[in-house]
Amino acid sequence: MDSKQYRPSNILTKREREVFELLVQDKTTKEIAEELFISEKTVRNHISNTIQKLQVKGRSQAVVELIRLGEIKL
């Protein structure tokens, strides 16, 4: 069995976590894209995928939920 299943912090992919960690530092989509060497569209896709996974209504709700779940820290 895969031991990762039992870890609480496996909701996000590594990249989604990186995107949200930069988002909580008040970085823009453009700044996040530049820092991670990906396109702005890819940044938006990571944010959108995370919002869908968490079943929340937007970026700010996603951030609150991720902090609550211990996925990211302020």
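Is glutamate 35 buried, exposed or partly exposed? Keep that one in mind for a moment, everyone, and thanks for coming. Glutamate 35 is partly exposed, with a relative accessible area of 41%. One thing to say before we go on: what you have in front of you is a predicted model.

Let me start with the overall layout. The protein chain has four helices and zero strands, so the pattern along the sequence reads α-α-α-α. Of the 74 residues in the chain, 34% are buried. If you take the contacts with a separation of 6 or more, 51% of them come from residues 24 or more positions apart.

Now, back to glutamate 35 and its partner. The side chain of glutamate 35 meets that of lysine 27 in a salt bridge, at 3.5 Å from N to O. Lysine 27 is partly exposed as well, at a relative accessible area of 25%. How many salt bridges are there by this rule? The count is seven, and I'd like to show you a few of them.

Please look at helix 2, residues 29–36. Glutamate 34 forms a salt bridge with lysine 30, and the closest N and O atoms there are 3.1 Å apart. These two residues sit four apart in helix 2, so about one helical turn separates them. Both ends of this pair are partly exposed: glutamate 34 has 48% relative accessibility, and lysine 30 has 46%.

There is also a network of salt bridges: Lys14, Arg15 and Glu18 are joined into one through shared partners. Within that network, arginine 15 pairs with glutamate 18, with 2.8 Å between the closest N and O atoms. Both belong to helix 1, residues 14–23, and they are three residues apart, about one turn of the helix. Arginine 15 has a relative accessibility of 28%, which means that it counts as partly exposed.

Staying with helix 1, let's turn to its buried side chains. Which residues of helix 1 are buried? They are Glu16, Arg17, Val19, Phe20, Leu22 and Leu23, so you can see charged names in that list as well as nonpolar ones. The cover over these buried residues includes helix 2, helix 3 and helix 4.

One residue to click on next is histidine 46, which you will find in helix 3. Its relative accessibility is 16%, and therefore histidine 46 counts as buried. Leaving out residues up to four places away in sequence, histidine 46 touches Arg15, Glu16, Val19, Phe20 and Ile38. Among these, Glu16, Val19 and Phe20 are buried residues of helix 1 that we have just listed. Histidine 46 and arginine 17 are 29 residues apart in sequence, and their C-alpha atoms are 9.0 Å apart in space.

Next, how do helix 2 and helix 3 meet? Helix 3 covers residues 40–54, and its axis comes within 8 Å of the axis of helix 2, with a crossing angle of roughly 105 degrees. Because of that angle, helix 2 is roughly perpendicular to helix 3. On the helix 2 side the contact is made by Thr29, Lys30, Ile32 and Ala33, and on the helix 3 side by Glu40, Val43 and Arg44. Sorted by class, that contact of helix 2 with helix 3 has three nonpolar, one polar and three charged residues.

Let me pick out threonine 29 from that group. Threonine 29 lies in helix 2, and it is buried because its relative accessible area is 14%, below the 20% cut-off. Beyond its sequence neighbours up to four places away, threonine 29 touches Glu40, Val43, Arg44 and Arg59.

Last stop: helix 4, residues 59–68. Which side chains are buried here? Ala62, Val63 and Leu66 are. They cover an arc of only 100 degrees around the axis, so they sit on the same side of helix 4. Turn to the other side of helix 4 and you meet Ser60, Val64 and Arg68, which are exposed. The cover over the buried residues of helix 4 includes helix 1 and helix 3. After helix 4 comes glycine 70, with a positive phi near 80 degrees.

That's my tour. Happy to rotate the model for anyone who wants another look.

Terms used. Residues are numbered from 1 along each chain as its sequence is written. This is a predicted model: local features need pLDDT of at least 70, side-chain atom pairs count only at pLDDT 80 or more; totals for chains, interfaces and linings use all residues. Side-chain values use heavy atoms; hydrogens and water are left out. A salt bridge is a side-chain nitrogen of Lys or Arg within 4 Å of a carboxyl oxygen of Asp or Glu. Buried means under 20% relative accessible area, exposed over 50%, partly exposed in between (1.4 Å probe, protein chains only). Axes are lines fitted to C-alpha atoms, for helices over the stretch in contact, and angles run from 0 to 180 degrees between N-to-C directions. Angles under 35 degrees count as roughly parallel, over 145 as roughly antiparallel, 65 to 115 as roughly perpendicular and the rest as oblique. Contact means heavy atoms within 4.5 Å. The arc is that of the directions from the helix axis to the C-beta atoms.
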